[in-house]
Amino acid sequence: MRKILILGASGQLGSELIDKYLVDPNNIVYGMVRRSATGNFNNIQHNFKNDRFNLVRGDITDPTSLNNLLKEVQPDLIINTAAQSHVHVSFEQPILTSKVTGLGVLYLLESIRQFSPQSRLVQLSTSELWGNSKAPQNEKTQFAPESPYGVAKLFAHEMCKLYRKSYNLNISCAICGNMEGPRRGREFVTQKIVESAIKIHLGKQDNLKLGNITTKRDWSSVHEIADGIIKLGNSDYREEFVFGSGRTNTIEEFARLAFNVFNLDYQEYIQIDDEFKRPSEVYELKADSRKARKLLNWRPTKTLKEIVQEMVDAALDREFVNDK
Ligand code: GDP
């Protein structure tokens, strides 16, 4: 049996990876979640009865829990999706973000080095590392982060490379573009747009307040990004790989597609509100993932329209469940 530890198990990507790994009967999956006041297990509770799934309590900023877990489990593969990953929040809580997203990874690396050095680690890096370096961006593009989140992720990324080189650890970093799907948190712009379009369509909301809608993002399906990370985890590469659709679209274009589903003209409903603008912005992300496509045979195919439709369908279901 292969033991796989997912950090950030209740998040969008972590929970997606758990679902995919559990399909293979040879995998035992450990999902680490931190104690939180809300204890939100919506994304993982459907696996609680699976005896190959183990929910473990721990926190990436708490070395004791990490050390005990790694000592006991000795995972074959660790995937770290745990982070304070919201860019806007990272400006409001830069110190917390640095502790969780940056320093937390150093705790993890120390724990691996001391207690489970044979484990393979895939660290989730981000297209935010590139900041405003010219698009399209790839593994060789210069990093120039524009937010406390990006800087913390860069610390984590460089620390992973340093530990790999210094201690010969088995580490790869996946530099991923934005990933979207039904489990996307509603504080991210795509889910916010989708849920608002539905509420406006149902007459429950009048307008949608957004910040900068001219920025461009490379939005992929989270399912396809998870497939890429699994391929990377299964490979022997100890290198960095970029994962992204290779498309880039404005926030406005995403809104147009989401409102179109309901035959609504987005322009009638969007209001620009400075509250949602950031002190510093990343203007254009477009991931060049030719390396992953060639060496890992990764083949993402979903169009942005399909991603929007999937999010709309799932959000509609939630809306009607909540109504009951
Ligand atoms: P990010 O790419 O990781 O920052 O993902 P987000 O979904 O949070 O933001 C994507 C882009 O949408 C950024 O350029 C934001 O500035 C822009 N944006 C515009 N209005 C909003 C908003 O109301 N909420 C969020 N989260 N982003 C917004």
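## Helix packing and salt bridges

In this predicted model, Pro63, Leu66, Asn67, Leu70 and Lys71 of helix H2 touch Tyr107, Leu108, Ser111, Ile112 and Phe115 of helix H4, where contact means heavy atoms within 4.5 Å. By class, the H2–H4 contact has seven nonpolar, two polar and one charged residues. H2 covers residues 63–73 and H4 residues 94–115; they pack at an angle of about 35°, and their axes lie 9 Å apart. Helices here are DSSP runs of H or I with at least four residues, and strands are E runs of at least two, numbered from the N terminus. Axes are lines fitted to C-alpha atoms over the stretch in contact, with angles from 0 to 180 degrees between N-to-C directions.

A word on conventions: residues are numbered from 1 along each chain as its sequence is written. The model is predicted, with local features needing pLDDT of at least 70 and side-chain atom pairs pLDDT 80 or more, while totals for chains, interfaces and linings use all residues, and side-chain values use heavy atoms, without hydrogens and water.

Now to the charged pairs. The count comes to 16 salt bridges, each a side-chain nitrogen of Lys or Arg within 4 Å of a carboxyl oxygen of Asp or Glu. Here are three of them.

| Acid | Base | N to O distance |
|---|---|---|
| Asp19 | Arg183 | 2.8 Å |
| Glu180 | Arg184 | 2.8 Å |
| Glu195 | Arg186 | 2.8 Å |

Asp19 sits in helix H1 and Arg183 in the loop between strand S7 and helix H6, so their pair ties together parts 164 residues apart in sequence. Glu180 is buried at 1% relative accessible area, whereas Arg186 is exposed at 54%; buried means under 20% and exposed over 50%, with partly exposed in between (1.4 Å probe, protein chains only).

Definitions and conventions
Nonpolar A, V, L, I, M, F, W, Y, C, P; charged D, E, K, R; others polar.
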